[in-house]
Amino acid sequence: MKEAVSILKSEHRSISAVLHALKELARMAHDATARPRFQVLRSMVRYIDQYPEKLHHPKEDQYLFARLVARAPETRLLVEELQAEHEEGARLIRELERALLFMEEGWPVGAREFRNAVEAYAEFHWKHMRKEEQQLLPLAERHLTPEDWKAIDAAFAANRDPIAGMQERDFEKLFSRIVALAPDPVGLGERWQGA
Ligand SMILES: [Fe+2]
Ligand SMILES: [Fe+2]
């Protein structure tokens, strides 16, 4: 497998893992009889906002998508759809943040809205990642040249770049914090009382 493809898929797996955990915690916050701890929810929303936004989508947009459209103009429609989804995703995250703030201020008021917003976002993002893996990557494998892949591989191996590498480490730390704080059985943290 091309290095860029395996990095892209592994970044999708990280995003997916946090989405799964967030869905479960949104359900717990909705069902809880004692006040949930909000810090971990804030960390998760930050992760699914910033990791794609800062690290993942820019590499797709600037390297993979751009080269694919240049080599195979017939892929433009699909690429434009995916780019529009990157923007739509950023908008949906703002809604998720608003719903989280609202729930934190008035819990249990707002717990249902937050859960709905999380489920809508997770569904949206899974669909997006599936489209990239099932539709875009096969086209990229077919049309891109070894020279294209060399440039794309270099861009995707972000830790070679000091700034991106630093961000990558920040996200790894944030991911570990999420796992440490998320309550059992989602993570290693203490069970929310009554949840
Ligand atoms: Fe994407
Ligand atoms: Fe992606």
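Four donors around a metal count as tetrahedral if all angles lie between 85 and 135 degrees, and as square planar if opposite donors are over 155 degrees apart and all others between 65 and 115, while anything else is irregular. In the predicted model described here, this definition applies to the iron ion (ligand 1), whose 4 donor atoms subtend angles of 85 to 172 degrees, which makes the arrangement irregular. Glu-60 lies in helix H2 (residues 38-71) and Glu-132 in helix H4 (residues 111-143), so this pair ties together parts of the chain that are 72 residues apart in sequence.

The donors of the iron ion (ligand 1) are Glu-60 and Glu-132, each through OE, together with His-86 and His-128, each through NE2, and the coordination distances run from 1.9 to 2.2 Å. Along the chain, these donors follow the spacing E-x25-H-x41-H-x3-E. Of the two glutamates, Glu-60 has a relative accessibility of 0% and therefore counts as buried, and Glu-132, at 1%, counts as buried too.

His-86 is placed in helix H3, which covers residues 76-106. Because buried means under 20% relative accessible area, His-86, at 5% relative accessibility, counts as buried. When residues up to four places away in sequence are not counted, His-86 touches His-57, Glu-60, Asp-61, Phe-65, His-128 and Glu-132; among these contacts, Glu-60, His-128 and Glu-132 also coordinate the iron ion (ligand 1).

A second metal site is formed by the iron ion (ligand 2), which is coordinated by His-12 (NE2), His-56 (NE2), Glu-60 (OE) and Glu-132 (OE), at 1.9 to 2.2 Å. Here the 4 donor atoms subtend angles of 78 to 167 degrees, which makes the arrangement around the iron ion (ligand 2) irregular. In sequence, the donor residues of this site are spaced H-x43-H-x3-E-x71-E. The iron ion (ligand 2) and the iron ion (ligand 1) lie 3.1 Å apart, with Glu-60 bridging them. Distant parts of the chain are linked by the pair of His-56 in helix H2 and Glu-132 in helix H4, which are 76 residues apart, and both His-56 and Glu-132 are buried.

Beyond the metal sites, the nonpolar interior was examined. In soluble globular proteins, nonpolar side chains tend to be buried together. The largest nonpolar core in this model has 39 residues, of which Leu-22, Leu-41, Ile-48, Leu-96, Met-103 and Phe-114 touch the most other members. At least two residues of this core are supplied by each of helix H1 (3-31), H2, H3, H4 and helix H6 (162-181). With residues up to four places away in sequence left out, Leu-22 is in contact with Leu-41, Met-44, Val-45, Ile-48, Leu-96, Phe-114 and Val-118. Another core, of 19 residues, lies apart from the largest one and has Ile-7, Leu-82, Leu-137 and Ala-157 among its members.

Arg-46, found in helix H2, offers a further case to consider. With a relative accessible area of 43%, Arg-46 is partly exposed, a class that falls between buried, under 20%, and exposed, over 50%. Leaving aside neighbours within four places in sequence, Arg-46 is in contact with Tyr-51 and Leu-174. Although Arg-46 and Leu-174 are 128 residues apart in sequence, they are 9.0 Å apart in space, C-alpha to C-alpha.

Key: Residues are numbered from 1 along each chain as its sequence is written. Chains are lettered from A and ligands numbered from 1 in the order in which they are written. This is a predicted model: local features need pLDDT of at least 70, side-chain atom pairs count only at pLDDT 80 or more; totals for chains, interfaces and linings use all residues. Side-chain values use heavy atoms; hydrogens and water are left out. Helices (H or I, at least four residues) and strands (E, at least two) are DSSP runs, numbered from the N terminus. Buried means under 20% relative accessible area, exposed over 50%, partly exposed in between (1.4 Å probe, protein chains only). Contact means heavy atoms within 4.5 Å. Donors are N, O and S atoms within 2.8 Å of the metal (3.2 Å for Na, K and Ca); water is not among the atoms, so sites may look incomplete. Four donors count as tetrahedral if all angles lie between 85 and 135 degrees; four count as square planar and six as octahedral if opposite donors are over 155 degrees apart and all others between 65 and 115; anything else is irregular. A nonpolar core is a set of buried Ala, Val, Leu, Ile, Met, Phe, Trp, Tyr and Cys residues joined through side-chain atoms within 4.5 Å.
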